[in-house]
Amino acid sequence: MSTTLHHLLKKCSNMKQLKQIQAHITTTGLLHIDVRLLGRLLSFAATSDSGDLHYATLLFSHLHHPNIFFYNTLIKAHSKTASPQFSISIYTQILLAGLVPDIFTFPPLLKACTQLLAFSQGQSIHGQAIKFALDSFVYVNNSLIHFYSITGHVNDARQLFDSCRDLDVVSWNSMLSAYARIGDIGMAKSLFDEMPERNAVSWSALIAGYVQCGLSKEALGVFSNMQVELIKPNEVTLVSVLSACAHLGALEQGKWVHGYLKSNGMELSVFLGTSLIEMYAKCGEVELALEVFNEMGVRNLLAWTTMIKGLAMHGRGLEALYLFSDMEKAGIIPDDITFIEVLCACTHAGLIDQGRKIFDSMTRNYGIKPKIEHYGCMVDLLARGGLLDEARIMVKNMPMEPDALIWGALMAGCRFYRNVELAEYVVKHLIQLEPNNGGVYVLLSNIYAASGRQDDARKVRELMDTKGVAKSAGSSSIEIRGTVHQFIVGDKSHPQIREILVKWEEIERMLKLEGYVPNKTEVLLDIDEEDKEEALARHSEKLAIAFGLISIADGVAIRIVKNLRFALAIVRSNGNSASMSYRLQLISSNNHI
């Protein structure tokens, strides 16, 4: 009879079947004589996907003398729930019952402490592991390393790592991930190079670390090496790679990832789908982003928000608002991030009235109190629309102190509409908040120059020199046949720099024949006209454009990504430079200001 029931339990797939089996063995009395059978019942109810933890707890309560296995099963089950603190309570019951924990007791306990970020309780559990001489087992030690690294005590994690005599790939991955998580990519790479064995998790952790540190080009380099080593990437790897592609505008590599998903039959999960949407949108292919969005079987709030953001950054504000309306109809409740992107859509499309209504609806319809980011969007919307007085009043009446981004949005409006008086007022606040931000001084200098106040512009530049303040150098990157090339203003380091400059001179000659005259009012004032033209010609994006023209076939889009604010997408209609058509798009990670 017992053997038959064990066989039935192996085939059990849902709680209804389990309860039927449990009722049968209760009536036959087997529940009291076959502990293994009860263990299977409890384990299924507590840990299987179709289980019922409440029912498992009820089964546990009928045990007269539960052993450590039953306690461990419940600890593990609770550590996976939204209430992991019950795992710690169950451990207290173990001690009160006079039982001795084993190596399977502490990992789920530490997992619970990790989820709760309960550092003091985790330390106590560590002490218990030492007391019972279980801390040196690799299974327990790995959990301790993970606990200390997640709770922000990486040095403690490293001490455990260095003192353990029995390390496995999980130990190395935990330590590598800890350094990557805090941005110490140098130490993460050092550990990676020392690893005696690597798996997909190792490569993924390093790639994610590079992406987190803004080193997207290096991340793609690691991914390339991963492919050479024939290590199959997992979903986490591909999400990080797509993020790197989005940051660099590396469309071809992003498309390769999409093709890899299809050719390997990988499910388009919410995370992968959302990453693809972001990558295509930031690379200028919003239609492909929409295709992915429409193909997704399941869409969460993040997927909807990312698609709204993609439409917004391409100036398709009305479509973004329609999509927002569809999201609401689908029963998806927007959060504060969603409203930032919807307000961005209004900003880039100049939809001032709609922006005001949406801003008001946050509190009225959803009870979301606007944060400083939402006020930043509104100030940007009003300033871009020329409503500088209304924008200034909004800044004055904000319930929180405006930050540099708020003042920067207002400053941008002052520059566009050449409002020198308001710009002088704004720059005083900006300099107080960011005294070493050279961009603030440059903006004011440019406003003066554009308004004909050359002496004032020169004084601002002299003030920058006196204070030793410099503007961050702009850089532009372009992807050519899967390789990302980066240019800096005045860059001469590229091996094809002579060809690049010759090509740009050719472009300038053609543009002048068409009547184009470069705007030199905002170029440095202490150089002559000829040098101004040369300075303009060596802007990083112009170098990138020229390199693209000598490297890419006719009719292929050239995409340049800027590090400071925006990306350019330039489409060449044919091989004749004189008839080139340009399409400029704002593609920015902080496009709402």
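Which helix holds both R458 and D455, and how many residues apart are they? Both lie in helix α29, which covers residues 454-467, and they sit 3 residues apart, about one turn of the helix. We will come back to this pair after a look at the whole chain, keeping in mind that the model is predicted.

Let's start with the overall picture. The protein chain has 32 helices and 4 strands. Of its 593 residues, 49% count as buried. The accessible surface comes to about 29000 Å², and carbon and sulfur atoms account for 54% of that area. As for how the chain meets itself, take the contacts between residues at least 6 apart in sequence: 59% of them join residues at least 24 apart.

Two stretches of the chain carry an annotation you may like to find in the structure. An unreviewed UniProt entry places the feature "repeat: PPR" at residues 168-202 and 300-334. In the model, residues 168-202 are 74% helix and 0% strand, and the C-alpha atoms at the ends of this span lie 12 Å apart. Residues 300-334 are likewise 74% helix and 0% strand, with 10 Å between the end C-alpha atoms.

Now for the charged side chains. Side chains of opposite charge can pair when their charged atoms come close. In this model the count comes to 11 salt bridges, and a few of them are worth a visit.

Back in helix α29, the side chains of R458 and D455 meet in a salt bridge, at 3.7 Å from N to O. How open to solvent are these two partners? R458 counts as partly exposed, at 34% relative accessibility, while D455 counts as exposed, at 54%.

A second pair sits in helix α11, residues 154-163, where R158 and D162 are 4 residues apart, about one turn of the helix. Their closest N and O atoms are 3.0 Å apart, and the two form a salt bridge. D162 is exposed, because its relative accessible area is 52% and the cut-off for exposed is over 50%.

A third pair belongs to helix α24, residues 372-384. D380 and R384 are separated by about one helical turn there, being 4 residues apart. They form a salt bridge in which the closest N and O atoms are 3.1 Å apart. Here the acidic partner is covered: D380 counts as buried, at 2% relative accessibility. R384, in turn, is partly exposed, with a relative accessible area of 30%.

Salt bridges can also be joined to one another, and one such case involves three residues: E287, R316 and E319 are linked in a network of salt bridges.

Finally, let's turn to the cysteines. How many disulfides does the model contain? The count comes to 0, and two cysteines show the reasoning. A disulfide requires the two sulfur atoms to be within 2.5 Å. The cysteine sulfur closest to that of C283 belongs to C245 and is 7.0 Å away, so the distance is too far for a bond. For C344, the closest cysteine sulfur is that of C377; at 4.2 Å, this too is too far for a bond. Are C283 and C344 buried or exposed? C283 counts as buried, with 3% relative accessibility, and C344 counts as buried as well, with 0%.

Note on methods. Residues numbered from 1 in each chain as written. Predicted model: local features only at pLDDT ≥ 70, side-chain atom pairs only at ≥ 80, totals over all residues. Heavy atoms only, no water. Buried < 20%, exposed > 50% of the residue type's maximum accessible area, 1.4 Å probe, protein only. Helix = DSSP H or I, 4+ residues; strand = E, 2+ residues; numbered from the N terminus. Contact = heavy atoms within 4.5 Å. Areas by Shrake-Rupley, 256 points an atom, 1.4 Å probe, with all protein chains shown as cover. Salt bridge = Lys/Arg side-chain N within 4 Å of Asp/Glu carboxyl O. UniProt positions renumbered as here; feature names shortened; annotations may be inferred.
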